[in-house]
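Me: I'm new to this structure and would love a close look at one part of it. Could you walk me through it in a connected way?

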Amino acid sequence: MDEGPGGRDPGLQPERTRLAWRRTTLTATVVAVLAAKTALHDGLTTAGVAVSALCCTLWLGFLRVTQHRVHALTSGTRPAALAPRHATTAALYAVALAVCAAALVV
């Protein structure tokens, strides 16, 4: 394997980053599914359904940000750095999703 003059293969970094985004999306999907399951398992209450719907909406938003980034990483050209706005949005979606899931468990 030719690692270049710096001893590092920069071609692998986008692949590792893409896989990390996929793992994070999978985790968010599990959280959203468990939130829906918890809301249905405890009986249908207005609060449970509302929080579950919010979890699903947050998951869809996170999925949109993730797909945008994964598409940028697989475009074939050197990907641009993740914009601070997108990084902040992804972090806020992840934190809000975790808070909603915790609210359903408590």
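Are Trp21 and Phe62 buried or exposed? Please take a close look at this pair and its surroundings.

Reply: Happy to! Keep in mind that this is a predicted model. Trp21 and Phe62 are both buried. Together they make up the one aromatic pair that the structure holds. Their rings sit 6.5 Å apart, centre to centre, with 35° between the planes, and the pair is therefore classed as tilted, since stacked pairs have planes under 30 degrees apart and edge-to-face pairs over 60. The pair links distant parts of the chain: Trp21 belongs to helix 1 and Phe62 to helix 2, with their positions 41 residues apart.

Now let's look around Phe62. Leaving aside residues up to four places away in sequence, Phe62 touches Trp21, Thr24, Thr25, Ala28, Ala90, Tyr93 and Ala94.

Both aromatic residues also belong to the largest nonpolar core, which has 14 residues. Trp21, Cys55, Phe62, Ala90 and Leu97 are the members that touch the most others. Helix 1 (12-41), helix 2 (46-73) and helix 3 (84-105) each give two or more residues to this core, and helix 2 supplies the largest share, six residues.

Finally, follow Trp21 back to its own helix. Helix 1 has 30 residues and spans 43 Å from first C-alpha to last, close to the expected 44 Å. Its buried residues include Trp21, Thr25 and Ala28, and helix 2 and helix 3 are among what covers the buried residues of helix 1. Just after helix 1 comes Gly43, with a positive phi of about 95°.

Definitions and conventions:
Residues are numbered from 1 along each chain as its sequence is written. This is a predicted model: local features need pLDDT of at least 70, side-chain atom pairs count only at pLDDT 80 or more; totals for chains, interfaces and linings use all residues. Side-chain values use heavy atoms; hydrogens and water are left out. A nonpolar core is a set of buried Ala, Val, Leu, Ile, Met, Phe, Trp, Tyr and Cys residues joined through side-chain atoms within 4.5 Å. Buried means under 20% relative accessible area, exposed over 50%, partly exposed in between (1.4 Å probe, protein chains only). Helices (H or I, at least four residues) and strands (E, at least two) are DSSP runs, numbered from the N terminus. Contact means heavy atoms within 4.5 Å. Rings of Phe, Tyr and Trp (its six-membered ring) pair if their centres lie within 6.5 Å; planes under 30 degrees apart count as stacked, over 60 as edge-to-face and the rest as tilted. The expected span of a helix is 1.5 Å times one less than its number of residues.
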